[in-house]
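Thanks for making the time this morning. I would like to take you through one model, and please hold your questions until the end.

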Amino acid sequence: MPPCPSSYLRREPVEEMLASFIAENLSNPDFVLAGLVALFESRDGCHVEHERADLDRRLVALKQKKAKLATLVVDGVFTLEDVAGKAKAMQEEIGQLEARREALAVPPEPERPEDYREAVEAMAAAFTEFPFWSKEERREFLKIQRPEFWITTEGVTRYSIPVCKNSSQMDTASVLADNPHGSARVGFEVSPPFPLVPLPTLEELGLPQKRYYSITELAAAIREHPATLRRKTLIGQYPDAGCRDERGRRQFTTEEVLEIALLRRLSACGIL
């Protein structure tokens, strides 16, 4: 597995959490196929219109450059020999863009998620065994599969995997290998995020439900000295309270309490 891009998350415990996430989600073929449905629907119409608009902008810019080049030749700034190579390259690029523009006028054959079912089911079967492999086997497998995960302190917030139609070219160890024909990268927003650790609750922290909590109450709930908690808010390790009372003392909201409690738990588990 590639190193985690988040410098403040430790790789080893995060990989263990990912093993649970993979087993729970990627081993379910219907879940992945549902993502394909959403992917193909998002490509229809809107995707073509965006590409067509981009091509139009590029064509206008190129034609303006070519016209300006011709004006410079007429004005005697350059000779035809000076600009011949550049003008030829511009015309070739204009031709390529116009050809692509014409191709977009022909509606493509609609993608059918069911065409991917065999490959997705093979992938799901492989991922079912994933939690039981050694770390080396997991990393080697994921190196081949090349999934992408977006991970924050809240947990996995998004991920994507490549899948392809033609499963006859695949085996268990390369279910998601690149295929230039019939391939698609399926992206999922994970909402709510799949947590790195169990999320804390006010009841678990021994706190009643109310509008604000003092730094003393919060420190007791997460088992830290108030002075340590205050220092960590000052250096940015914990988010500071957004409110103060009339004497300037910190007043933490429920959301701030739970966020700090989560950071404390992640640190205790060795993830931060």
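I will begin with the overall content, then go through the aromatic pairs, the cores, the strands, and finally a few single residues.

Before anything else, please keep in mind that this is a predicted model. The protein has 10 helices and 6 strands, and of its 272 residues, 37% count as buried. If we take the contacts with a sequence separation of 6 or more, residues 24 or more positions apart account for 70% of them.

Let me turn to the aromatic residues, where the structure holds 8 aromatic pairs. In one of these, the ring centres of Phe21 and Tyr159 are 5.1 Å apart and the ring planes stand at 85°, so the pair is edge-to-face. Since Phe21 belongs to helix α1, residues 11-25, and Tyr159 to strand β2, residues 155-164, the pair ties together parts that are 138 residues apart in sequence. Both Phe21 and Tyr159 are buried.

Another pair is formed by Phe127 and Phe141, whose ring centres are 5.4 Å apart with planes at 90°, so this pair too is edge-to-face. Here the link is between helix α5, residues 117-128, which holds Phe127, and helix α6, residues 135-145, which holds Phe141, with 14 residues separating the two in sequence. Phe127 counts as buried because its relative accessibility is 0%, and the cut-off for buried is under 20%. Phe141, with a relative accessible area of 7%, is buried as well. Together with Phe130 and Trp133, Phe127 and Phe141 form one aromatic cluster.

Staying with helix α6 for a moment, I would point you to Arg138, which has its place in that helix. Is Arg138 buried or exposed? With a relative accessible area of 12%, Arg138 is buried. Leaving aside residues up to four places away in sequence, Arg138 touches Glu15, Glu16, Ala19, Phe130, Pro131 and Trp133, and of these, Phe130 and Trp133 are members of the aromatic cluster I just described.

There is one further aromatic ring to mention, that of Trp150, because the charged end of Arg158 sits over this ring, 4.6 Å from its centre.

Moving on to the nonpolar cores, which residues of the largest one touch the most other members? That core has 52 residues, and the ones in question are Met17, Phe21, Ile151 and Val156. Apart from it lies another core, of 9 residues, which includes Leu69, Val83, Ile94 and Leu97.

Two of those names, Ile151 and Val156, come back when we look at the strands, for Val156 in β2 is the bridge partner of Ile151. Strand β1, residues 148-152, runs antiparallel to β2 and is joined to it by 5 bridges, and the two form a hairpin with 2 residues between them. As for how far β2 is covered, 9 of its 10 residues are buried, so this strand is largely enclosed by the rest of the structure.

As a reminder, strands of a sheet pair through backbone hydrogen bonds, either parallel or antiparallel. Elsewhere in the chain there is an open sheet of 3 strands, in the order β4-β6-β5, with antiparallel pairing. The edge strands are β4, at 213-214, and β5, at 243-244, each of which pairs on one side only. Between β5 and β6, residues 250-252, the antiparallel pairing extends over 2 bridges, and Cys243 stands opposite Gln251 in β6. Helix α10, residues 254-268, packs on this sheet, touching β4 and β6, and its direction makes about 85° with that of β6.

I will finish with two residues in loops. Gly206 lies in the loop between α7, at 202-205, and β4, and at 60% relative accessibility it counts as exposed. From Gly206 to Ile222 there are 16 residues in sequence, while the C-alpha atoms of the two are 9.6 Å apart in space. Arg223 is found in the loop between α8, at 215-222, and α9, at 226-234. Although Arg223 is not a glycine, it has a positive phi of about 60°, and at 70% relative accessibility Arg223 counts as exposed.

That is where I will stop, and I am happy to go back to any part of the model.

Methods. Residues are numbered from 1 along each chain as its sequence is written. This is a predicted model: local features need pLDDT of at least 70, side-chain atom pairs count only at pLDDT 80 or more; totals for chains, interfaces and linings use all residues. Side-chain values use heavy atoms; hydrogens and water are left out. Rings of Phe, Tyr and Trp (its six-membered ring) pair if their centres lie within 6.5 Å; planes under 30 degrees apart count as stacked, over 60 as edge-to-face and the rest as tilted. Helices (H or I, at least four residues) and strands (E, at least two) are DSSP runs, numbered from the N terminus. Buried means under 20% relative accessible area, exposed over 50%, partly exposed in between (1.4 Å probe, protein chains only). A charge sits over a ring if NZ of Lys or CZ of Arg is within 6 Å of the ring centre and within 35 degrees of the ring normal. A nonpolar core is a set of buried Ala, Val, Leu, Ile, Met, Phe, Trp, Tyr and Cys residues joined through side-chain atoms within 4.5 Å. Two strands pair if DSSP finds at least two bridges between them. Contact means heavy atoms within 4.5 Å. Axes are lines fitted to C-alpha atoms, for helices over the stretch in contact, and angles run from 0 to 180 degrees between N-to-C directions.
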